[in-house]
Amino acid sequence: MNEKAIDYEAVFQGLPGMVALLTPELVYADANEDFQRLSGRTRAQLVGRYIFDVFPDNPNDPAATGMRDVQASMLRVVATGERDTMALQRYDVEDPVRPGHWEERYWSPVNAPVFGPDGRVALIVHRVEEVTELIRLRGTQGGDSRARVLEAELYTRARELQELNERLRQAHAREREVALALQEAMLPAGRQVRNHRAAVRYRPALGALNVCGDWYDVVDLVGGDRIGVSVGDVVGHGLEAAGVMGQLRSALSATSRVADGPAQALDVLGRYAHVVDGAESATAVTTFVDFDAHTITYSSAGHPPPVLVHADGRVEFLDLATDPPLDARPDPMPRPQAVTGFTDGATLALYTDGLIERRREDIDTGLARLADSLVRHRQADPEPLADSVLLELLPPGGATDDTALIIVRL
């Protein structure tokens, strides 16, 4: 079916069950018909209003925690970009017809993120299932009734769900500690390469662990004042992608030291990637910078082009030696390479696609944004320059893809 033929407003209104959309500031943006009907509020009474102005805690119940619990869940969704399933909640609601009269109500809520084009949480989907009638049957049915059995099962499920969520949060925290240690072992910190200044930055995707599939590297090359500067990207996130990343980065680092040039280094890396599980569609670009000859020799395996900002502000994308990703060909062929010159004071930037790509946006727009930022800040040292680029190009809440950036002052 053609996407334009679907009336998503009608779909939203017809969804079974109570569903509302809220902004990250917890203001109602919309509510479907079931939400309006079962909450006893019209759309006009909801849209544009802060959720807890519409549904405050019952002032007659000093032990009420519904508002606090729902708020914590929603803010957790905004902060992490992850779905949050809540335990069964008692959350009393004021009768809209009889102000001051509060009805005892029970709900099973789920909050989930909707991401905007910039990768940030743009909306919160708030879905709630009311189970008040099931709870009320407790007072009207006998002790052995099916209603009491269902109620017990419901409370048991709620407790189990709450305990499971807590265990998952603890497991995520432990996995993140492993990821941090892995990042330190695999990715070198920013350092001075011989007499040349370089800055590196690494940002994981929103909601991801601290290591993923992106990598960067700077190595000293044999023969004269030369360095190799590389970045790469393995498809996927998490520790598995990070393991593949570590293998490819180490192989390219070693190969660069003995290869005749960047094309040969990527040739060898491509053959190696062919036997590494998880290296499918991995990309990389490497540059050999010769400070004696003032040249940059480069080759790319399906990766976005490095940017060379000359001392006078002229921008040059190094895109004349681009080939398919590392494991794209069953029978590897020699890769191309190209050479360009530079003068003292130029800036070389290599990066991964998380820095420039946005949903529903042409990649040329992201490249132009990067070039503009590099030109405006080209007088800054690499460290503050890298910070400025990330600040201007990455969404404030974090990107939906991993990002690596390396800047070298030539």
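Contact here means heavy atoms within 4.5 Å, and every view below comes from a predicted model.

**View 1. Leu410 and the residues around it.** Leaving aside residues up to four places away in sequence, Leu410 touches Val289, Phe291, Ile296, Leu308, Phe342, Asp344, Gly345, Ala346 and Leu348.

**View 2. The largest nonpolar core, with 25 residues.** Leu410 turns up again here, listed with Val229, Val289, Ile296, Phe342 and Ile406 as the residues with the most contacts inside the core. Strands supply a good part of it: β10 (196-203), β11 (214-220), β12 (226-233), β13 (283-290), β14 (295-301), β19 (347-351) and β20 (403-409) each give two or more residues. In soluble globular proteins, nonpolar side chains tend to be buried together.

**View 3. Phe291 meets Phe342, one of 4 aromatic pairs in the structure.** The ring centres of Phe291 and Phe342 sit 6.1 Å apart with their planes at 80°, so this pair counts as edge-to-face. It ties together distant parts of the chain, 51 residues apart: Phe291 is in the loop between β13 and β14, and Phe342 is in the loop between β18 (338-341) and β19. Both Phe291 and Phe342 are buried, and both are touched by Leu410 from View 1.

**View 4. An aromatic cluster of Tyr28, Phe35 and Phe55.** These residues, Tyr28, Phe35 and Phe55, form one cluster.

**View 5. Helix α9, residues 262-273.** At 1.5 Å a residue, the 12 residues of α9 should span 16 Å, and the end C-alpha atoms are indeed 16 Å apart. Which residues of α9 are buried? They are Pro262, Ala263, Ala265, Leu266, Asp267, Leu269, Gly270 and Ala273. An α-helix has 3.6 residues a turn, so residues three or four places apart point the same way.

Technical notes. Residues numbered from 1 in each chain as written. Predicted model: local features only at pLDDT ≥ 70, side-chain atom pairs only at ≥ 80, totals over all residues. Heavy atoms only, no water. Core = buried A, V, L, I, M, F, W, Y, C linked by side-chain atoms within 4.5 Å. Buried < 20%, exposed > 50% of the residue type's maximum accessible area, 1.4 Å probe, protein only. Helix = DSSP H or I, 4+ residues; strand = E, 2+ residues; numbered from the N terminus. Phe/Tyr/Trp six-rings, centres within 6.5 Å; stacked < 30°, edge-to-face > 60°. Expected span 1.5 Å × (residues − 1).
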